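This report describes the chain shown below, beginning with its surface and overall form and then turning to one of its helices.

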Amino acid sequence: MLILANFFEAIAVVLNYALTFYMWIVIAGAVLSWVSPDPYNPIVRFINTATEPVFYQIRKRLPVSFGGLDISPIIVILAIIFLQTFVVNSLHGLARTIAQ
């Protein structure tokens, strides 16, 4: 059972890091939307490729533009915080329960 507990603990840690990394990408995408960056810059292209599909899905389902202000990055960040709080903490708790 210790191996299974370690497996769930490892999944929780990796998922937490991945969600944190993506949250920083979303923040960078939001900041880039305020300026006029070079669209041919590889970093800008990566950030847009990583964030725009998620933003598009939110914009399609919810009216997230208030007076020209797009709040879809805020919704994505709140979803990431929810996943970190609920899923990651649940996996940590499951690992502790299995280890006992």
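## Surface and overall form

The protein chain exposes about 7,100 Å², of which carbon and sulfur atoms supply 73%, with accessible areas taken from the Shrake-Rupley method with a 1.4 Å probe. The model is predicted, so that local features need pLDDT of at least 70 and side-chain atom pairs count only at pLDDT 80 or more, whereas totals for chains, interfaces and linings use all residues. Residues are numbered from 1 along each chain as its sequence is written, and side-chain values use heavy atoms, with hydrogens and water left out.

The radius of gyration, taken over C-alpha atoms, is 17 Å for the protein chain, while a compact globule of 100 residues would have one near 13 Å; the globule rule is 2.2 Å times the number of residues to the power 0.38. Along the principal axes, the C-alpha atoms fill a box of roughly 55 × 30 × 15 Å.

## Order of elements

From the N terminus on, the elements run α-α-β-β-α, with helices (H or I, at least four residues) and strands (E, at least two) defined as DSSP runs.

## Helix α2

Helix α2 covers residues 42–61, and its 20 residues should span 28 Å, because the expected span is 1.5 Å times one less than the number of residues; its end C-alpha atoms are 29 Å apart, which agrees. The buried residues of α2 (under 20% relative accessible area, 1.4 Å probe, protein chains only) are Val 44, Ile 47, Thr 51, Phe 55 and Ile 58, and what covers them includes α1 (2–34) and α3 (72–99).

Terms used:
Buried < 20%, exposed > 50% of the residue type's maximum accessible area, 1.4 Å probe, protein only. Contact = heavy atoms within 4.5 Å.
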